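Please open the model in your viewer and keep the sequence panel beside it, since this tour moves from one selection to the next.

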Amino acid sequence: MSQVKSPEAFLGYKLGDRYSPHFKVVNYFRQVAENSPSMVKLEQYGETNEGRPLLLAYVSTAENMANLENIRKNNLRLAGTALDRMAPNENMPAIVWLSYNVHGNETSSSEAAMMTIWELVNPANTKTKEWLKNIVVVIDPCINPDGRDRYVNWFNSVVGKIADPLPFTREHMEPWPGGRSNHYNFDLNRDWAWQSQVETQQRIIKYNQWLPQVHVDFHEQGYNEPYYFAPAAEPYHEVVTPWQREFQVMIGKNNAKHFDANGWLFFTKERFDLLYPSYGDTYPMYKGSIGMTFEQGGHSRGGAAVINEDGDTLTLYDRLYHHFTTGMSTLEVSALQSSKLVKEFKSYYDKARSTPGGEFKSYIIKYDESDRLDRLKKLFDRNGIEWSYTNSATYTGWNYFSNKSEVFKAEPNDIVVNANQPNSNLVRVLLERNSKVTDSATYDITAWSLPYVYGVNAFGLTNYVAQVSKTVTAATAAVGVSSQAASAYAIRWNGMNSAKALASLLKKGVKVRYAEQPFTTQGINFEKGTILITRTSNQSLDGKLDGILQEVTAAAGIGFYPLNSSFVDKGYDFGSGRVRIIQAPRVSLVTGDGVSSLGMGEVWHFFDTQLQYPIHLINVNDVNKNTLRQTDVLILPDGNYRMLSDKSMNEILKEWVSNGGKIIALENAVAQLSRNDWGIKMKSDDKKDDKKDDKKDEYAALRKYENRERDMLVNANPGSIYKAELDNSHPLAFGYPGFYYTLKQDDNLYEFIKEGGWNVGVIKKEAQVSGFVGTKLKEKMKDGLLIGVQDMGRGKVVYLADDVLFRSFWENGKLLFCNAVFMVGQ
Ligand SMILES: [Zn+2]
């Protein structure tokens with residue numbers, strides 16, 4: 001009866017013979033769904049930035065498929081997240097979710113997805129039909145279609161009739177920025193919890209509607225590496241349960257059995273840890289699933305065939321067949337263990353609701369009149385984290401900002417997150433002040449405590465807190481009504497909504513000013529940085545000013561204040577020199593070889609999708625006198641710039657700055673400027689310290705070979721949070737309190753600027769707040785500059801030594817960046 005075709009019969013080539021562009025993968029899945037309607041349901045859950053479809057295929061027996069919606073709803077009842085609150089049935093199939101190609105240049109995996117779905121529906125394969133009685137398989141054939149096609153289209157354009165296996169040839173050298181990331185060069189396997197990217201946002205909606213018991217994320221690594229599968233490496237976050245560990249071992253052993261039978265090499269328990277919450281393995285783990293990463297060798301440089309160090313030729317077919325094998329092995333074990341998987345899943349959530357672990361039973365998060373808390377609430381909503389308002393009462397809790405236990409009063413707009421909820425483990429992981437790790441050798445940042453990331457104060461409490469469900473409208477937010485009588489309008493400068501409104505006003509040609517000093521008028525206090533729009537300077541808008549203001553502020557989600565005079569009761573009048581005009585800057589972003597694609601992508605994505613202000617992307621080789629002449633602000637993202645090692649290029653840039661240009665340098669770009677006489681100097685006491693140590697202990701140099709990896713950790717800082725002190729009288733820190741929590745991912749620290757510049761953000765002693773920092777490094781990380789401004793002629797250089805736009809998730813850094821773009825130097 002079934003006319004369903006194998007990949008080879010449908011595509012016209014054997015899988016592995018060549019790369020399938022994304023549309024062919026899509027067409028194959030459609031064909032399978034059309035010709036196996038009783039076993040397969042295909043759903044488009046979204047679209048990428050470049051307009052490619054995102055798909056999920058649900059596969060099971062005809063009997064399960066007829067009952068699919070009930071299985072889904074029942075599964076949510078098991079977790080306690082179903083809306084209907086009906087009692088769950090524990091006698092249900094388990095849900096196994098297979099995700100392919102999250103990294104676009106790890107290309108064998110979407111090919112493996114086609115082989116996998118084929119073997120599930122292939123009438124001749126009786127084994128899989130047995131498994132499907134106990135499981136529903138969800139297949140995402142390609143999480144990152146834009147990245148995949150960037151790689152595949154490039155590769156297909158450079159390969160000859162016979163693939164060249166020599167690893168130094170052109171087809172093994174993927175050009176910048178590579179296909180790993182999505183359209184905006186974001187790493188989608190760092191985005192699960194934050195959901196800054198459209199692919200993730202759309203997928204997590206589906207994920208939370210299903211909550212699979214097992215999730216596998218298929219990856220590739222360097223082509224010399226043997227296959228990696230679960231069990232994962234230490235550190236595991238302590239919320240990972242014994243059953244989650246045990247099932248990883250079961251899968252690992254079954255995979256090993258199949259690999260041994262074929263004589264394929266593999267490794268387990270190394271390198272890929274379970275800590276950072278935004279991976280495709282940890283995020284499912286913190287939602288009660290068994291999350292796993294599988295890694296085949298061959299990403300990016302694997303081509304269609306490559307000769308590895310062992311002298312063996314690794315082909316695309318080998319790679320996809322290995323992925324196919326571990327996928328099948330996972331389904332086999334999951335089918336055998338399905339009732340245990342369902343039972344353990346239910347008990348995970350039962351426990352989450354009744355006896356959550358962790359230091360705190362609840363968290364009260366303070367409203368501060370900015371949009372920061374609103375953004376955090378959105379993040380909670382996206383992750384299914386329950387929050388509520390609470391009674392205005394007095395509580396005792398541990399204050400995240402002051403770092404001690406205090407009595408405090410909850411206000412009407414504050415929110416509470418109680419830990420006794422289905423997502424209590426995720427709540428704990430995201431809100432705990434310091435993650436307890438079983439090992440410090442980790443793959444990613446070690447601190448992400450949300451109050452610091454969002455810059456909102458929070459209190460951790462050891463008891464549950466009463467919830468008040470009614471929504472409270474922010475009493476203090478101004479709702480503006482424009483009136484012809486107003487001579488000026490004011491907009492508070494306290495968050496991304498303010499910046500969005502400013503960007504939009506500038507785009508529309510409105511003349512905007514900012515107040516350098518606080519002022520009081522009509523009985524209202526305004527802070528430094530307040531945006532002012534005066535009617536006088538905007539007469540050219542021909543009476544449209546009021547309409548524009550209404551529209552812009554409504555779109556940005558912010559209020560404004562009509563003021564009837566430019567005369568103020570306290571502070572400087574609007575005609576004063578202390579009230580500065582903001583010129584709309586022409587902003588250029590340097591991209592291309594040597595520039596960090598992730599760092600550049602963060603800035604691009606920020607301008608394009610959040611701020612919505614024009615940004616001009618220039619290739620690094622095209623930065624010259626001519627392009628600089630058409631630029632007011634030049635952004636140098638993290639990177640390793642050849643032009644900054646070039647003397648004449650440094651001179652050209654300095655001359656341009658002296659004539660009124662502004663450079664915003666981020667991360668390693670700051671380090672490079674510090675080596676080229678730009679005024680900033682890196683603290684370089686490392687060598688001195690080492691010598692001192694050696695004197696203290698004659699035997700310090702005697703290190704054990706087997707400890708070599710661990711020894712490196714004493715100097716490591718994979719990513720931890722420091723509290724920087726801010727000079728918020730400087731425009732770079734407008735809208736901030738006197739401090740900022742920065743994500744420090746290296747040991748770069750600069751000397752205080754003694755003249756000709758401003759030390760806007762510095763760390764002094766004991767500034768480390770959360771996360772792992774190596775013992776030796778910890779000593780050195782004090783008394784230095786992280787955020788600064790250098791005056792140079794009529795221009796400025798802004799130094800941001802840390803990534804203030806980190807993964808678009810470091811919410812509280814975004815306003816700093818906007819200050820650098822719009823406020824500094826006006
Ligand atoms: Zn990967």
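Begin by selecting His-219 in this predicted model: with a relative accessibility of 2%, His-219 counts as buried. Add His-103 to the selection, which is likewise buried, with a relative accessible area of 2%.

Now show the zinc ion, whose protein donors are His-103 through ND1, Glu-106 through OE, given twice, and His-219 through ND1, at 2.0 to 2.4 Å from the ion. If you measure the angles that these four donor atoms subtend around the zinc ion, they run from 58 to 155 degrees, which makes the arrangement irregular. For four donors to count as tetrahedral, all angles would have to lie between 85 and 135 degrees.

Next, follow the donor residues along the sequence, where their spacing reads H-x2-E-x112-H. His-103 sits in the loop between strand S3 (94-99) and helix H5 (108-121), while His-219 belongs to strand S5 (residues 214-221), so the pair ties together parts that are 116 residues apart in sequence.

Then move to the loop between helix H7 (145-158) and helix H8 (198-210), where you will find Met-173. Met-173 counts as partly exposed, at 41% relative accessibility, and together with Leu-166 and Phe-168 it makes a nonpolar surface patch of about 310 Å².

Finally, select Thr-169, which is also placed in the loop between H7 and H8 but is buried, with a relative accessible area of 15%. The side chain of Thr-169 reaches the backbone oxygen of Leu-166 at 2.7 Å. From Thr-169, look across to Gly-303: the two are 134 residues apart in sequence, and their C-alpha atoms are 10.0 Å apart in space.

Note on methods:
Residues are numbered from 1 along each chain as its sequence is written. This is a predicted model: local features need pLDDT of at least 70, side-chain atom pairs count only at pLDDT 80 or more; totals for chains, interfaces and linings use all residues. Side-chain values use heavy atoms; hydrogens and water are left out. Donors are N, O and S atoms within 2.8 Å of the metal (3.2 Å for Na, K and Ca); water is not among the atoms, so sites may look incomplete. Four donors count as tetrahedral if all angles lie between 85 and 135 degrees; four count as square planar and six as octahedral if opposite donors are over 155 degrees apart and all others between 65 and 115; anything else is irregular. Helices (H or I, at least four residues) and strands (E, at least two) are DSSP runs, numbered from the N terminus. Buried means under 20% relative accessible area, exposed over 50%, partly exposed in between (1.4 Å probe, protein chains only). Patches are made of residues with over 30% relative accessible area and no salt bridge: like charges are joined within 9 Å, nonpolar side chains (Val, Leu, Ile, Met, Phe, Trp, Tyr) within 5 Å. Accessible areas come from the Shrake-Rupley method with a 1.4 Å probe; for residues, only the protein chains shown count as cover. A salt bridge is a side-chain nitrogen of Lys or Arg within 4 Å of a carboxyl oxygen of Asp or Glu. A polar contact is a pair of N or O atoms within 3.5 Å; within protein, one must be able to donate a hydrogen and the other to accept it, and residues adjacent in sequence count only if both atoms are side-chain atoms.
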